[in-house]
Amino acid sequence: MLKVVRVLVVFSLLIFPAFITSEASQQDTPLMATVSVRSVFKITLQATMLDFGTVDPGTKSSEKTIGISCVTNNNNAWSVSVNAESPFSSGEYEIPISQLKWKAAATAGTGQVTDSGETSLTPENFYMAGMDEYITETPVQLAFTMFVDVPGAQPAGTYSTVVIVTMHEE
Amino acid sequence: MIRSIALLSIFAFLFFLPVTAEAIFNIETDQQTLDFGLMAPNEVRDNVPSKGVMVKCTSDQGIPWRLRIRLESPLAHVNNPSETIASDHFWWYGANTTGIGTLVTNENDFTVERIVYSAPAGEGANGIDVELRFKLALPPRTQSGDYLTKIIFTLIE
């Protein structure tokens, strides 16, 4: 009887470790990663003044071109417009602002360009960005040219106005 | 005799019961979020967070184990998930450890799952800390807004 008990005890001890099981050998844990990317929406003009020099009545001034640079990362449709703040004025005299004419071209851009137009007091788009420009990797570059068609009976004087170029998104 | 057989049967049955030992094999981080804050396109931000992310690994299995790291997916814009920050612009590196195993301390990007730390047999019964830091470089063409992903740490034997 004692021998049987011994055999069983030994057998049980031998078997016992084989029934110990361990848990899975892989554990995961997550760490959330976040970043906020700043909004960039900027237009830069290469010059802040256009001087057409001296122009005879009834003639056209020389053409003056400025570079325009636009960047954005907002992924929205955007465009660029031009308007004048007021008519060309010199004291009591005025040159109609429609006599200030412009021509536009994209030197680095894939959007739609309006080739030419007359300045008015209300903004008029001359560049509509292409979809691939809704987020710009490099700036969109535009060449914007202006000249004045001085009327024939225009009194002498120094005429000035402020031209506003605006980049806006929808 | 019958009594003895009965006692032996109970004895044997008790010993033959399967036993499940609760293994200690655990991983946890000291923070829930890795936040790079507000960044501009083209900007690079390194050494984030400045105090590091501590990953505590515990194993009482007595056999070698490894800590691995991967991204669940690239950092994706919250409102426009098709806009992502490529995983080769996002790096990790080991800064320190309380263990005696091998810690990877050079910069590695998140393009594939990689080993961070390799522990020798018997290490980690009381837990060891692995300190990690991160670096992010925003591409020039990156939409504004918030981006999110999960870094997954895996402890594997």
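Me: Which residues does A:Ser120 touch, not counting residues up to four places away in sequence?
Reply: Happy to start there, with the reminder that this is a predicted model. A:Ser120 sits in the loop between β10 (116-118) and β11 (124-128) of chain A. Once residues up to four places away in sequence are set aside, the residues it touches are A:Asn83, A:Ile97 and A:Ser98.

Me: What distance separates the C-alpha atoms of A:Ser120 and A:Ser86?
Reply: Along the chain, these two serines are 34 residues apart. In space, their C-alpha atoms are separated by 8.6 Å.

Me: Is A:Ser120 buried, exposed or partly exposed, and why?
Reply: The count to look at is that of other C-beta atoms within 10 Å, which is 14 for A:Ser120. A buried residue needs 20 or more, and an exposed one has 12 or fewer. The count of 14 falls in between, so A:Ser120 is partly exposed.

Me: Which residues have the most contacts inside the largest nonpolar core?
Reply: Nice one to explore in the viewer. In soluble globular proteins, nonpolar side chains tend to be buried together. Here the largest nonpolar core has 33 residues. Those with the most contacts inside it are B:Val55, B:Cys57, B:Leu67, B:Val130, B:Leu132 and B:Phe153.

Me: Which strand gives the largest share of this core?
Reply: The strand in question belongs to chain B and spans residues 128-137. Its contribution to the core is five residues, and the strand is β12.

Me: Which residues is B:Leu67 in contact with, leaving aside its neighbours within four places in sequence?
Reply: B:Leu67 is one of the core residues with the most contacts. Its partners beyond four places in sequence include B:Val55, B:Cys57, B:Val130 and B:Phe153, which are also on that list. The full set is B:Val55, B:Cys57, B:Val116, B:Tyr117, B:Val130, B:Phe153 and B:Leu155.

Me: How many residues are in the second, separate core?
Reply: Look to chain A for some of its members, including A:Ile68, A:Tyr127, A:Ala129 and A:Val140. The size of this second core is 14 residues.

Me: What percentage of the residues of chain B count as buried?
Reply: Chain B has one helix and 13 strands, and from the N terminus on, the helix precedes the strands. Residues 24 or more positions apart account for 71% of its contacts with a separation of 6 or more. Of its 157 residues, the share that counts as buried is 25%.

Me: What percentage of the residues of chain A count as buried?
Reply: Chain A is made up of one helix and 13 strands. Of its contacts between residues at least 6 apart in sequence, 71% join residues at least 24 apart. Of its 170 residues, the buried share is 20%.

Me: Which residues are joined by a cis peptide bond?
Reply: Most residues other than glycine have a negative phi, and most peptide bonds are trans. In this model there is a peptide bond with omega about -10°, which is cis. Its proline lies in strand β4 (residues 44-59) of chain B. The bond joins B:Val48 and B:Pro49.

Me: What is phi of B:Asn47, and is this residue buried or exposed?
Reply: B:Asn47 is placed in strand β4 of chain B. Its phi is positive, at about 60°, although it is not a glycine. It has 12 C-beta neighbours inside 10 Å, so B:Asn47 counts as exposed.

Me: Where is B:Asn42, and what is its phi?
Reply: B:Asn42 is in the loop between β3 (33-39) and β4 of chain B. With 13 other C-beta atoms within 10 Å, B:Asn42 is partly exposed. Its phi is positive in a residue other than glycine, near 80°.

Definitions and conventions
Residues numbered from 1 in each chain as written. Chains lettered and ligands numbered in written order. Predicted model: local features only at pLDDT ≥ 70, side-chain atom pairs only at ≥ 80, totals over all residues. Helix = DSSP H or I, 4+ residues; strand = E, 2+ residues; numbered from the N terminus. Contact = placed C-beta atoms within 7 Å. Core = buried A, V, L, I, M, F, W, Y, C linked by C-beta atoms within 7 Å.
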